Amino acid sequence: MIDFMEKGFLWLLVPVILLGIYAYRSKVKNRFEFWIAYIVVFLIIISLGKPVLKTGEKTIYKKDTEIVILLDHSLSMEVSDLKPTRLIFALRKVKKLLKKLEDEKVGLIIFAEKPEIIFYPFEKITEADIENLTIKGGGPTDILSAFSVANSVLTAKERIVVLVSDGSDEDLSKVKDLIKQSGINVVFYGVATEKGGKVPGYNALSRLNMEMVKIAQSNGIYVKPSQTDEDISKILSYIKNISDKTKTVLLKMHYQTDLSPFIALFSLGLITAGFLMRRFGSVFIFLLFLAYPSYSGEIKGYFYYAVGKYKEAASEFLQEKDPENMYNAGLSYYKAGMYLNALSVLKKVKTDDPDLKKKVLYTQSLCYLAQKKYKKAEKLLSQLIELYPTEERIRKLYRFVNMVYNLRQKPEEKKTIVKIKEKKSKHFKTAPMEIGEKNPW
């Protein structure tokens with residue numbers, strides 16, 4: 001199906017058609033030169049209408065669900081009750097899970113004594129990122145800190161934390177309280193056996209923390225490791241059931257092909273084939289076809305923009321209210337520091353062009369950022385992240401706005417990382433030889 005992005009220009013065809021009818025009824029109809037010029041002018045007007053061939057439609061959905069995978073790499077993850085070690089086994093499973101969750105907003109945090117954010121939930125994780133992921137084990141475990149950081153980066157309606165760990169040996173009462181208060185859905189992938197195994201370098205036995213199993217079962221699910229992908233399927237099924245409930249239509253995009261280059265090529269062939277190429281008027285028509293400024297104001301607008309007179313540029317662009325020039329006007333107002341004017345114009349831009357829509361939303365977010373309206377800027381940028389997850393400048397701006405917005409929240413609205421004192425182990429059995437004051441796992 002052929003459609004026109006700028007239908008207003010097609011009204012110019014009315015006088016051209018009337019001219020063609022008149023020429024056909026007069027002596028001009030036998031002049032080959034006239035009809036070549038006539039066809040070229042006709043095609044210029046068609047090109048001004050920006051014809052596109054629509055070949056299909058794509059619906060982009062937004063899911064108000066975010067997932068964070070917490071991967072434990074403490075010393076106890078070096079135990080070999082899962083072959084070759086818990087950590088290597090867990091890392092392989094995490095890589096598979098990340099690949100399967102490519103349509104979800106998923107982040108990754110690794111932790112031992114301190115959590116480290118590897119990927120944020122709004123970042124697009126590539127297959128190369130996953131394959132290049134390597135982690136070394138070592139150090140004690142602080143699951144509470146890991147959950148606190150995960151809670152701070154999750155902003156969606158439905159939030160899921162996939163804990164990939166043996167469960168550690170810490171008091172989990174505060175972890176339980178944090179999960180309950182924050183409403184996090186927990187998947188505990190327990191990378192250990194109930195029998196356990198010896199911690200490298202210590203006469204200590206590390207086994208699965210059954211308290212963490214009970215916490216997960218009360219606030220989500222516990223998944224037992226398997227040599228097949230049955231465990232991954234169980235996690236994916238749980239996430240899908242939650243995620244699909246928040247699924248809404250974000251945007252419907254049309255697959256379309258711009259026909260203007262083909263029209264230009266055809267016109268060039270006509271001009272080259274005829275002797276009109278030797279005439280100045282025909283050369284002018286051809287050059288006009290290549291550039292076709294829609295009005296003199298557009299040329300003035302570009303000139304004023306180039307010399308830094310942004311307010312004057314905006315006024316010139318607004319002489320013709322097609323989407324492209326309205327965007328140029330909004331951008332000019334933004335450059336002039338007139339953010340309210342810019343937003344007023346940009347909000348009126350209606351277009352199906354994905355690239356233009358991207359530029360409009362991005363400039364709007366810059367206007368809100370300049371006005372310190374961080375919540376509105378974050379909302380627009382979250383839409384852009386959905387549409388263009390791999391575009392670096394959008395990702396960087398989103399990170400910045402998210403950081404500033406979170407820093408401005410009231411202290412009582414934030415979840416803090418709380419350190420707890422270690423208690424006597426319930427899940428690790430020590431040999432007669434003392435391990436030492438510091439718990440290594």
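Q: What does pLDDT tell you about this predicted model?
A: pLDDT is the predictor's confidence in each residue, from 0 to 100. The model here is predicted. The protein chain averages a pLDDT of 81. Of its residues, 83% score at least 70.

Q: Which pLDDT values mark residues 289-296?
A: Over residues 289-296, pLDDT stays under 50. The model still has 21 contacts for them beyond four places in sequence. A contact means heavy atoms within 4.5 Å. Residues 410-441 also have a pLDDT below 50. That stretch has 71 contacts beyond near neighbours in sequence. Where pLDDT is low, the predicted coordinates should not be read in detail.

Q: Why is Leu18 called exposed or buried?
A: The relative accessibility of Leu18 is 53%. Exposed means over 50%. So Leu18 counts as exposed. Leu18 is found in helix α1, residues 13-25.

Q: What makes Trp11, Val14, Ile17, Leu18 and Ile21 a patch?
A: Nonpolar side chains are joined within 5 Å, and each residue needs over 30% relative accessible area and no salt bridge. These five names form a nonpolar patch on the surface. Together they have about 530 Å² of accessible area.

Q: Why is Lys50 called buried, exposed or partly exposed?
A: Lys50 has 30% relative accessibility. Buried is under 20% and exposed is over 50%. The value for Lys50 falls in between, so Lys50 counts as partly exposed. Lys50 sits in the loop between α2 (32-48) and β2 (51-63). Its phi is positive, about 55°, although Lys50 is not a glycine.

Q: Why is Lys372 called exposed or buried?
A: Lys372 has a relative accessible area of 58%. The cut-off for exposed is over 50%, so Lys372 is exposed. Lys372 lies in the loop between α15 (354-370) and α16 (374-387). Phi of Lys372 is near 65°, a positive value in a residue other than glycine.

Q: What joins Lys83 and Pro84, and where is Pro84?
A: A cis peptide bond joins them, with omega about -5°. Pro84 is in the loop between β3 (65-72) and α3 (86-100).

Q: What makes a set of residues a nonpolar core, and how many residues has the largest?
A: The residues must be buried, nonpolar by type and joined through side-chain atoms within 4.5 Å. The largest such core has 36 residues. Leu384 and Leu397 have the most contacts inside it. Helix α15 gives the most to this core, with eight residues. A second, separate core has 34 residues, including Ile67 and Leu82.

Notes: Residues are numbered from 1 along each chain as its sequence is written. This is a predicted model: local features need pLDDT of at least 70, side-chain atom pairs count only at pLDDT 80 or more; totals for chains, interfaces and linings use all residues. Side-chain values use heavy atoms; hydrogens and water are left out. Patches are made of residues with over 30% relative accessible area and no salt bridge: like charges are joined within 9 Å, nonpolar side chains (Val, Leu, Ile, Met, Phe, Trp, Tyr) within 5 Å. Accessible areas come from the Shrake-Rupley method with a 1.4 Å probe; for residues, only the protein chains shown count as cover. A salt bridge is a side-chain nitrogen of Lys or Arg within 4 Å of a carboxyl oxygen of Asp or Glu. Helices (H or I, at least four residues) and strands (E, at least two) are DSSP runs, numbered from the N terminus. Buried means under 20% relative accessible area, exposed over 50%, partly exposed in between (1.4 Å probe, protein chains only).
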